[in-house]
Amino acid sequence: MAEKNPPSPQGALDFPRPFTTVDVVIFTVADDALQVLLVQRPTAGSEPFPGLWALPGGFVDVRQDADLLACARRKLLDKTGVDSPYLEQLGSWGGAARDPRGWSATHVYFALIPGHDLILAKGANAADVSWFAVDELLREPALAFDHGEILRAAVERLRGKVEYTSLPAFLLPEPFTLPQLQQAYEVVLGRPVDKSGFRTRMMAAGFLVEAGQVEGTSRRPAMGYRLADRSAPVVFPRTFSPRG
């Protein structure tokens, strides 16, 4: 028997709802260090955590964001001008205490982009935007909201996956040489890897395409490479072993 007075769709939504945001942990390699992009919170007005640094992100716009990934891509494009990087969903954080404005939930992605010649844009609601060395930042992560916790989780995810995937290649401008790729691995992992074993693994995986001679790290001509497929990283059958 049908209900005499079923609740209307409008009435079904008549309850307090949390803020919904998307944050993006944007990584690159520069100055021989793994770097993350941060924006500085505005110091004027009523915004929470004035003057503190935070991960770039913002509220989901239901008028233009078809899904969470679309929102993440929009936020990334706003800050870096890059619209087709490697993006992976990291996880979700939510609670009543993470944002003083009210109950909030954020859905977090991490992005890998080449930092070479990248022009940053701070956006309308940021006082500044800059790259920070990850290892230095993690020693004292005084970031807005719970972004220190989120950053640590993103770094752990990235370093864990780098042990058995080709992810560092997404941090380099193309074309790149094998020594440059090895350096990217070592920067992200924070330790050296065996040169001969590294070259063998990279060439056997079949994810690189020759792109002609380029200037190598010693200013001698070296073979340059591009990714054969930028849609996903290659997974290796075993993890890297420390050199020596």
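Select Arg199 first: at 48% relative accessibility, this residue counts as partly exposed, because that class lies between the buried limit of under 20% and the exposed limit of over 50%. The model on display is a predicted one. Arg199 belongs to helix H6.

Keep Arg199 selected and add Leu178. The two residues stand 21 positions apart along the chain, and 7.1 Å separates their C-alpha atoms. Leu178 is one of the H5 residues that meet H6, and Arg199 is among the H6 residues on the other side of that contact.

**The contact of H5 with H6**

Next, select helix H6, residues 195-205, together with H5. The helix H5 covers residues 178-189. Where do the axes of H5 and H6 stand relative to each other, and at what angle do they cross? They come within 11 Å and cross at roughly 105°. H5 and H6 are therefore roughly perpendicular to each other, since angles from 65 to 115 degrees fall in that class.

Now show the side chains at this crossing. From H5, select Leu178, Leu181, Gln182 and Tyr185. From H6, select Lys195, Phe198, Arg199, Met202 and Met203, which these H5 residues meet. Sorted by class, the residues of this contact comprise 6 nonpolar, 1 polar and 2 charged.

**The contact of H4 with H5**

Remain on H5 and add helix H4, residues 147-162. The axes of H4 and H5 come within 9 Å, with a crossing angle of roughly 135°. That angle makes H4 oblique to H5. The crossing in which H4 passes H5 is left-handed.

Which residues of H4 should be selected to view its contact with H5? They are Leu158, Arg159 and Val162. Opposite them in H5, select Tyr185, Val187, Val188 and Leu189. This contact of H4 with H5 has 6 nonpolar residues, 1 charged residue and no polar ones.

Tyr185 merits a separate selection. In H5, Tyr185 takes part in the contact with H4 and also in the contact with H6.

**The whole chain**

Finally, clear the selection and display the full chain by secondary structure. The chain contains 6 helices and 9 strands. Colour the chain by burial: of its 244 residues, 43% count as buried. Show the surface as well; the accessible surface comes to about 13300 Å², and 51% of that belongs to carbon and sulfur atoms.

How much of the contact in the chain comes from residues 24 or more positions apart? Among contacts with a separation of 6 or more, such residues account for 64%.

Terms used: Residues numbered from 1 in each chain as written. Predicted model: local features only at pLDDT ≥ 70, side-chain atom pairs only at ≥ 80, totals over all residues. Heavy atoms only, no water. Axes fitted to C-alpha atoms, helices over the stretch in contact; angles between N-to-C directions. Helix = DSSP H or I, 4+ residues; strand = E, 2+ residues; numbered from the N terminus. Parallel < 35°, antiparallel > 145°, perpendicular 65-115°, else oblique. Left-handed = near helix turned anticlockwise from the far one by under 90°. Contact = heavy atoms within 4.5 Å. Nonpolar A, V, L, I, M, F, W, Y, C, P; charged D, E, K, R; others polar. Buried < 20%, exposed > 50% of the residue type's maximum accessible area, 1.4 Å probe, protein only. Areas by Shrake-Rupley, 256 points an atom, 1.4 Å probe, with all protein chains shown as cover.
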